[in-house]
Every structure is written in C-alpha cells, then in structure tokens.
Amino acid sequence: MNGNASPPDVPVIAIDGPSASGKGTVAQGVAAALGFHYLDSGALYRLVALAAGRAGLRLDDEPRLAALAERLPAEFCGSDILLSGEVVTDALRTESCSAGASRVASLAGVRTALLERQRAFRRPPGLVADGRDMGSVVFPDARLKVFLTASAEVRAERRYKQLIDKGIPANISTLLLDLRERDARDASRPVAPLVRSPDARLLDTTGMTIAEAVATVVAWFRETA
Ligand code: C5P
C-alpha cells in the first residue's frame, strides 16, 4: 500500500510511549546492547518544528509544513543532529521545540512526508525505533513492540533534571502541566494517536533504573528469537 521497501527480515524493536518516559535513553541502551541502529523519530518532528520557526512558517500551515518535512535537510551524525549542516541537538530539546513538535505531529501531511525517511533507518543487523507510532504505523511488523511509560510526576522530574543538567532553566510544575497537555494532544489527535497497541508489551519504568529497563527489553527481544 505504501511501498515499504524496508527488508522485512531486518528485526525492529518498536518502543512507543508518552513524553519524557525515558524511551530515548532505554532505546539507545537496547540498540547499544544488541549492536542495532537507532531511530529517534521524535527528533524528526522537532526538526520540522525548528525549521518551520526559522522559515517563518505557521505551525498549522499543513501544505508548507509537509513540503518542508519532505525535503528536511537533516542529518544524524552519531549523537549529533544537524539541520542544514548546523548542529541543533540542544536546540531541539527546548520546551518551545517540544511544544512545536507536538503541534506539527498532529498534521497528517507531515506524518506521511516523514514515513519513508523513518523506514530507511531499517538496516541490518536491526533497528530500535522510539516514538509514538513506531509499532502501530511505521513498523507494524516489528519483532517486538514495547509501550514504555512512567507516572507523569516521575516523567516531569526526569525532564527537569535533563534540562538543568544542560544548563536550560526549568520549572517543575510548568513542566508537569506541559507534559500533561502534550500527552493529551498526542493521545487525542485523529492521526496516529499515542495508544498502546494490543500487541505491545507494557513496561512501566516508574520505579526502575535505566539498566533494569534496558535489560528487560533485551530479554523480551531474545524471547522472540
Ligand atoms: O519523543 P519526543 O518527545 O522527542 O517527540 C516530540 C513530539 O513529536 C511528541 O510530543 C509527539 O507529538 C511527536 N511524535 C510523534 N510521533 C512520533 C514521535 C514523536 O507524533 N513517532
């Protein structure tokens, strides 16, 4: 239907879940443990929001945003993300970029424009992909689907620590409100809403360390072999 050219025999681990649940950290840990590639799909939506701001586009201008997403001059180099050759890794993490990403992500045209770019990350020996619709839309044939979550309070606290560590000023109660607002928007949008697919295993990391969460996903993956 959509011409998915990704080799179906390359295993994918899809890790979906709400904002600041630790998906990215866990997904990267799993990728490192298995020697797999890693896709941070949220970064693509953040890049669209950042590029749109720079181009002076409105965040509800679907045709222009979709065109921008289609030819997004982005590169992933190790842990760095580049937009038009400029390192924007930290700029992508600001709260305004997070809010912008959630808005552009609600547009079907933008999601379609990013579909093949995400699937192109599926290369041997395997891929760990994190986002909201990795298991439901982008890689429906993923070998393992995980829905990773944690309580909103723990997630706000984690995001707060991340920002403070980066020297970005933050306020925990504002973060909690923003998270709840973003969760509600991601879960209620008509296109690719954040939902736990029935075939995804639930991993609640509220009381877990990163190492425990990584080990759990790796063990679940080994069970599928
Ligand atoms: O995961 P992250 O917080 O970086 O994602 C930023 C925003 O991008 C999310 O709030 C969500 O709206 C959107 N997103 C999405 N689908 C994905 C990944 C992210 O809609 N697969």
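The following legends describe close-up views of a predicted model.

**View 1. Confidence across the predicted model and at residues 1-5**. The protein has a mean pLDDT of 92, with 97% of its residues at 70 or more. Over residues 1-5, by contrast, pLDDT stays under 50; for this segment the model has five contacts beyond four places in sequence.

**View 2. Surroundings of Phe-121 in the loop between α5 and β6**. The loop that holds Phe-121 joins α5 (108-119) to β6 (127-131). Phe-121 has a relative accessibility of 15% and therefore counts as buried, the cut-off being under 20%. Apart from neighbours within four places in sequence, the residues in contact with Phe-121 are His-37, Tyr-38, Leu-39, Phe-76 and Leu-127. Tyr-38 lies 83 residues from Phe-121 along the chain, yet the C-alpha atoms of the two are separated by 7.6 Å.

**View 3. Helix α8, residues 172-188**. The 17 residues of α8 reach 24 Å from the first C-alpha to the last, close to the 24 Å expected at 1.5 Å a residue. Buried in this helix are Leu-175, Leu-176, Leu-179, Arg-182, Asp-183 and Asp-186. Seen down the axis of α8, these buried residues fall within an arc of 135° and so line one face of the helix. An α-helix has 3.6 residues a turn, so residues three or four places apart point the same way.

**View 4. The two sides of α8**. Elements that cover the buried residues of α8 include α2 (41-55), α4 (95-104) and α7 (152-165). On the face turned away from the buried side, α8 carries the exposed residues Leu-177, Glu-181 and Ser-188.

Notes: Residues numbered from 1 in each chain as written. Predicted model: local features only at pLDDT ≥ 70, side-chain atom pairs only at ≥ 80, totals over all residues. Heavy atoms only, no water. Helix = DSSP H or I, 4+ residues; strand = E, 2+ residues; numbered from the N terminus. Buried < 20%, exposed > 50% of the residue type's maximum accessible area, 1.4 Å probe, protein only. Contact = heavy atoms within 4.5 Å. pLDDT = per-residue confidence, 0-100. Expected span 1.5 Å × (residues − 1). Arc of directions from axis to C-beta.
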